[in-house]
Structure formats: structure tokens, C-alpha cells
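This report describes one protein model, part by part. Please keep the sequence and the 3D view at hand while reading.

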Amino acid sequence: MLGGGPSGAAVAIGLRRMDYEVTLIGEPRPFDAVEGVSDRVVEGMRHAGFEQALATLAAPSARSVTWNGSTSAANTERLVVRERFDRGLLADMRGSGVQVIEGRVTSVVDEAQASEGKGFRISVSDTDGSEHWIHAGFLVEARGRAAPAAGVPRVRGAQSVSLLQHWQGEADIPCSAVQSFADGWAWMAKREDGRRYLQLTLDVASSRLPPKQHLAHWCHERLSGLEQAQPFMEGAEPVGEVYARTSTPVLCEHSAGDNWLRVGDAAMAVDPLSGNGIFQALSSALQAPAVINTLIRHPERAALAKAFHETRIEQLFYRFARIGRDFYDQESQWSEHPFWSARRAWPDSQPLHLEVTPDRVSTGVRPVVDNGLITEARVVITPDQPLGIWHLNSLALAPLLDEVRAKSDINPTRVLIERLGEPKGVALSRWMVQQGWI
Ligand code: FAD
């Protein structure tokens, strides 16, 4: 495993639960960053086996959003100090039996391409500067946006950069805020100890950024013009250099091979506006152990397992891209400005949720996860769930829907009661009507 962020940690712990020997090489994030997550993400992290990492999370704090000229302050989010959180991930992995090597991966040689064998040779630079090689039979690339992608075909959204300026002030109540402006948006967060994070996300092509030595002053000026930034700047001073992070949405068209997998941001990275980065990283990683297990134990199913992983990654990417697009579209004050016009029309005009009506619902065979392996099963396919829905409360749905349709002269509730008994049949019939299936 390369990279010990949330996606690498989720896969490593998942593989340990399957009794695989796992070695993870990761170097800590080279800069101090804070991110925000919702309770739903916390649930996902608990499920992934993160305990020590979760213990580093701050309590929920107030979050205000100023968008399209109006401010709402109904939300909360939990601030994640990534340096502490990522240390917690390393501890969680060690606790589950992962061999963790803290160091930097400097090169990866695919032995098949070099006609040397079947695995990978990985060069690691340890924290003391010494270099050594490690051999891996299977490789998981989870180095986030830093994962090398030369020669990998990629889909990209409008090029974005996020400039992060640290400020330090007096200890205060933690909170965060978002504000849109003519050529981008800002996210601000304040930690209890007075450390503040002021981040501007801008369009690379149209923002005419100054040379590096003027960046701090430039950010300070831009932030001074934002009403929501004032409570984060008052009584505080900028500290250190401005840190630039690329935040362009990117999807790798190939994220699975016979003996390798890309997960998390290394496979697809979404716009930070959605605030869903950690969630999508986990979503792409949680099923990865089953894919890897299948590739290793059932190479005859390799095509199925790879297609399952790549289709899921692609679906997740477009779902989050459309969520971002709809949020950008809600800002109409500067809709013709290059920053907004590029983002409110990308990736396409397909609605986030497609209408589900019985004529658009079918059943078919698709890959599913069963007992830690990718296999094929008959599932219900809807416009909103093209990968299919297999089970609901342990009930296989496709055969039941097929039966309801085959007996079209009988009331669907009757058919389901005959198959499942009174309360279950009635409940499922109601549920199918609500979903738009019958
Ligand atoms: P990462 O978390 O990036 O982990 C990769 C790991 O690999 C890191 O520890 C890195 O140091 C290590 N690594 C890299 N190269 C090497 C190497 N050569 N050798 C060894 N180790 C290496 N998400 C949210 O949920 N909420 C937010 O508020 C939020 N804000 C964001 C703001 C910005 C500006 C950006 C760019 C992203 C934001 N995200 C946010 C997204 C979030 O950071 C990522 O989606 C998430 O961390 C991806 O997890 P990952 O495990 O795939 O990669």
C-alpha cells in the first residue's frame, strides 16, 4: 500500500480483516491543513475501523454559508486537523496488524513491464534519509493527488487551485464559514487554540495570480474584502507561507489492473466545494478489499472485479461532480464570470437525480460484493442506480420484482404477501411504490 490517508487506511484495515499481510508506506502530509466533515462521514470512518483517528476530531462547530447573496448558519461540521488525524490513522493501522513504514516512496517498478517477474519493486526513502527496496505482489496506490499519473488517461474539470493562508490569533470558539465572491470562493476555519485557516479557491486560467513572493499579501488583500473572513482575521496575523493545493476534479480512466488498484484521490479527486473528499475517498476504498481478494484468489474473475471497481469509481466521480455543479449553479451573481461559467456547466447537464418510473426499471446481472468476493447476481437497475440494487434487509429484490411483473394480472401487494407473508409483503410493496418501481 502506498499512502496512509483515509483511503489507504480503509483498504489496509479491510485487508487485515481478511487476514492478508499488509505493508503500508506513507509519509505524513507535508503541510498543516484543516478540513471539515459531516456526521455521515464520521459514521463511514467508524465503519472503516478508524478509532484513534476519530478521537482527534473536534466536537461539531458552527458553520455559516454565504452564497448567492444570502447567509445561512443552520449547519455544523467537525473540523479535522489532518496532521493529527493522519497520525491517528497510522496508529489505527498498526493496531490492526498493518506493517507501517514511515517514509517516502521514491519509485515504483512494475516487474512485468521490466520483464523481471510479476510484482512491484518499491524504493523507499526512510525518515533518516536511507533508501531501501520493498517487494510487493499486489500494489494499492493511495497517495492521493500526489500519486504519479503520467500516461494514465484522465477526465478533468476546470483547473482550480486552493491557496491556504495560516493565521494565528487568541484562543476562541471553533467555527467555519464559506463565502462566494466574483472569481471563486473562500473557506475559513478557526481552531480552539486560535489557529486559523483561510483558503481561497480560484480558477487557474483566469485568476492572474502574482509571483510567489507577493502571494501572501495578495491573499491578505482578497480576504480583507470578504465579510465572512473578518471574524477569522480580527486580532490575528498571517503566519508562514501560503500553501497552494491543486483542487481540480480528476478521474483516472483506469483504476484497476490484475495486480494493482488505485483508490481514493489517486483514482478520482473531487472539487473541495462538495466537502465530500474524505467521504468519496472512503466510498471508493471500502469495497476495494473485496476487489483485491477476488483478483488474488479468483484470477479467472479479474475482468469482472476490475469492471466493478472502475464503474463504481466513475459513478461516484460523476455523482460528486454533479453535486458540485448544482451548488455552483445556485450562485447567480457572477454566473458569466469565467470561474462560475466553467463550473456551473461541468461535467454535463444530466440532473443529479433521474426520475424513476416503472418503465425505466429493469432487472439484470451485474457484479456485486458477496462474502468478501466480487461475483455476479441479478439486481434491480434504475436510472438513479445503474450499478443495481441487490438486497434490502437481506431480501434479494430482483427475483421479487420479476415475479410481480410476471403476475401482472394480480395486485403486486398480493404477490409479495404470498411470497413473504403479511407484514413484510405489505411493507415491501409500499417501499417499491415509493421508489417508483411498481
Ligand atoms: P490523501 O488524504 O491525500 O492521502 C495520501 C497520503 O499519501 C498522504 O498522507 C500523503 O502524505 C501520502 N503520500 C503522498 N505521496 C507520497 C509518497 N511519495 N510516499 C509516501 N507517502 C506519500 N475533504 C473533506 O472531506 N472535507 C474538506 O473540507 C476538504 N477540503 C479540501 C480542501 C482542498 C483544498 C483539497 C485539495 C481537498 C480537500 N478535501 C476535503 C479532500 C480530502 O483532502 C481528500 O479527498 C482525502 O484526503 C483523500 O484521501 P486519500 O487517502 O485518497 O488521499
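## The ligand shell

Helix H7 gives the largest share of the shell around the ligand, with 4 residues. The model is a predicted one. In this model, 34 residues surround the ligand, and the closest of them are Gly3, Gly5, Gly144, Gly264 and Gly277. Five elements give two or more residues to this shell: helix H1 (6-17), strand S1, strand S2 (34-37), strand S5 and helix H7 (277-286).

How many residues of each class does the shell around the ligand have? There are 14 polar, 12 nonpolar and 8 charged residues. Glycine is counted with the polar residues in this grouping.

## Strands S1, S5 and S6

Two of the strands that contribute to the ligand shell, S1 and S5, also pair with each other. Strand S1 covers residues 23-26 and strand S5 covers residues 99-110; their pairing is parallel and has 4 bridges. One place to find this pairing in the 3D view is Thr23, whose bridge partner in S5 is Gln99.

Strand S5 also pairs with strand S6, which spans residues 120-126. Is this second pairing parallel or antiparallel? The sense is antiparallel, and 7 bridges link S5 and S6. Here Val108 stands opposite Ile122 of S6.

## A sheet of three strands

Another group of strands forms an open sheet, with 3 strands in the order S9-S15-S17 and antiparallel pairing. At its edges are strand S9 (154-156) and strand S17 (268-269), each of which pairs on one side only.

Strand S15 consists of residues 250-252 and is joined to S17 by 2 bridges, with the two strands running antiparallel. Within this pairing, Val250 has Ala269 of S17 as its bridge partner.

## Domains and their contact

The domain assignment divides the protein into domain 1 (6-60 + 74-153 + 249-329), domain 2 (160-246) and domain 3 (358-435). As the ranges show, domain 1 is written as three stretches of the chain.

How far apart do the C-alpha centres of domain 1 and domain 2 lie? The separation is 28 Å. The contact between these domains takes 12 residues from domain 1 and 13 residues from domain 2. On the side of domain 1 that touches domain 2, S2 and strand S4 (70-81) each supply at least two residues. By class, that side of domain 1 has 7 nonpolar, 4 charged and 1 polar residues. Strand S2 thus appears in two places in this report: it gives two or more residues to the ligand shell, and at least two to the side of domain 1 facing this contact.

Key:
Residues are numbered from 1 along each chain as its sequence is written. This is a predicted model: local features need pLDDT of at least 70, side-chain atom pairs count only at pLDDT 80 or more; totals for chains, interfaces and linings use all residues. Two strands pair if DSSP finds at least two bridges between them. A residue is near a molecule or strand if its C-beta atom, placed from the backbone, lies within 6 Å of it. Domain bounds come from an automatic or database domain assignment. Two residues are in contact if their C-beta atoms, placed from the backbone, lie within 7 Å.
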